[in-house]
Amino acid sequence: MHRALDKVRSQALCDRLHRARSWINAANALPVEQKHAQFTFFYIAFNALYGHRRYEGSREENAKDREEFLKRIRTLRDYERRAGQDCLRGVLGKCQDQCGKLILNYFLRDTYWRKERTSKELQRDFSLQRRLADQEYAKGCYDLQLDLILKRLNVLRNQVFHGCVTYGPGSKGLSSLMDGLTVIRELVPAFYALMDKYGQHLNWPAIPYPRVGSDAHPTVDEWE
């Protein structure tokens, strides 16, 4: 029983990596001008790495999935730090300007669109959040920055996936998209690398819609 469960968990990690790699490759193969499509493909790759909601989830449940994923990433980062490396700090260092812009971007917060908070209120709060995130990053800790970035990217994801933006260079939100693309292009391959190198140290939840032929796939009942 334990051996079968371990096999399913191992397969869950392998399938996550396999699916994510296919979308990362697809994103990198897109023409340079297809910014929205690149962002979409990188976010799908991210979703392949972290998602495990079965099968329709609320906003709160999906947020919980990301939180649990970040806990795993922090554990994998600790393994990497013991080896004297920290790839996440390295990739975040490449796009600090875009990270800061995302944190300050009140268009990437649903409280603005629901009119629960004014833009001035959010600007004040986001400025404080960025200052705290920058201070922590300077000390070698980027957990707050990463949490804030992923929250902003999720709203951007919703805007793009659900057709709430205009495709192409005519989009009014193109600057937000470009900042998001710059960051997610760095982050997702880093997440992938951590999982690929150290993921075997953790238990991974079963993936949604497991592939045909895997132990986790339900038995197909054929009509006679």
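## Exercises on an all-helical predicted model

Glutamine 159 lies in helix 8 of a model that is predicted, and the exercises below start from this residue before turning to the chain, its salt bridges and a helix pair.

**Exercise 1.** Determine whether glutamine 159 is buried or exposed, and list which residues it touches beyond its neighbours up to four places away in sequence.

*Solution.* The first step is to compare the relative accessibility of the residue with the cut-off for burial, which is under 20%. Glutamine 159 has a relative accessibility of 16%, and therefore it counts as buried. The second step is to look at its surroundings: once residues up to four places away in sequence are set aside, glutamine 159 touches Phe107, Leu108, Trp113, Cys164 and Val165.

**Exercise 2.** Describe the make-up of the chain, stating how many helices and strands it has and what share of its residues is buried.

*Solution.* The secondary structure consists of nine helices and zero strands, so that, read from the N terminus, the order of elements is α-α-α-α-α-α-α-α-α. Of the 224 residues in the chain, 38% are buried, while the accessible surface amounts to about 12,800 Å², with 52% of it belonging to carbon and sulfur atoms. Turning to contacts with a separation of 6 or more, one finds that 74% of them are accounted for by residues 24 or more positions apart.

**Exercise 3.** Identify which residues of helix 5 are buried, and which helices they pack against.

*Solution.* Helix 5 covers residues 96-104, and within it Gln98, Cys99, Gly100, Leu102 and Ile103 are buried. Following the contacts of these buried residues leads to helix 4 (87-94), helix 7 (119-138), helix 8 (143-161) and helix 9 (174-198). Helix 8, which is one of these partners, is also the element that holds glutamine 159.

**Exercise 4.** Work out how arginine 77 and aspartate 78 are paired, and compare the accessibility class of each partner.

*Solution.* The general principle comes first: side chains of opposite charge can pair when their charged atoms come close. In this case the side chains of arginine 77 and aspartate 78 meet in a salt bridge with an N to O distance of 3.9 Å, which falls within the 4 Å cut-off. Arginine 77 is buried, because its relative accessible area is 8%, whereas aspartate 78, at 33% relative accessibility, counts as partly exposed. The pair belongs to a network of salt bridges that links Arg77, Asp78 and Asp143.

Two further pairs can be treated in the same manner. Aspartate 86 and arginine 81 form a salt bridge at 3.0 Å, N to O, with arginine 81 partly exposed at 34% relative accessibility. Glutamate 121 and arginine 117 form another at 3.5 Å, N to O; glutamate 121 is partly exposed with a relative accessible area of 28%, and arginine 117 is likewise partly exposed at 28%. The full count comes to 10 salt bridges.

**Exercise 5.** Classify the packing of helix 7 and helix 8 from the angle between them, and describe the residues that make the contact.

*Solution.* The two helices pack at an angle of about 135°, and their axes are 8 Å apart. That angle makes helix 7 oblique to helix 8. From helix 7 the contact draws on Phe126, Gln129, Leu132, Ala133, Asp134, Glu136 and Tyr137, and from helix 8 on Leu144, Gln145, Leu148 and Arg152. Sorted by class, the contact of helix 7 with helix 8 comprises six nonpolar, two polar and three charged residues.

Notes: Residues numbered from 1 in each chain as written. Predicted model: local features only at pLDDT ≥ 70, side-chain atom pairs only at ≥ 80, totals over all residues. Heavy atoms only, no water. Helix = DSSP H or I, 4+ residues; strand = E, 2+ residues; numbered from the N terminus. Buried < 20%, exposed > 50% of the residue type's maximum accessible area, 1.4 Å probe, protein only. Contact = heavy atoms within 4.5 Å. Areas by Shrake-Rupley, 256 points an atom, 1.4 Å probe, with all protein chains shown as cover. Axes fitted to C-alpha atoms, helices over the stretch in contact; angles between N-to-C directions. Parallel < 35°, antiparallel > 145°, perpendicular 65-115°, else oblique. Nonpolar A, V, L, I, M, F, W, Y, C, P; charged D, E, K, R; others polar.
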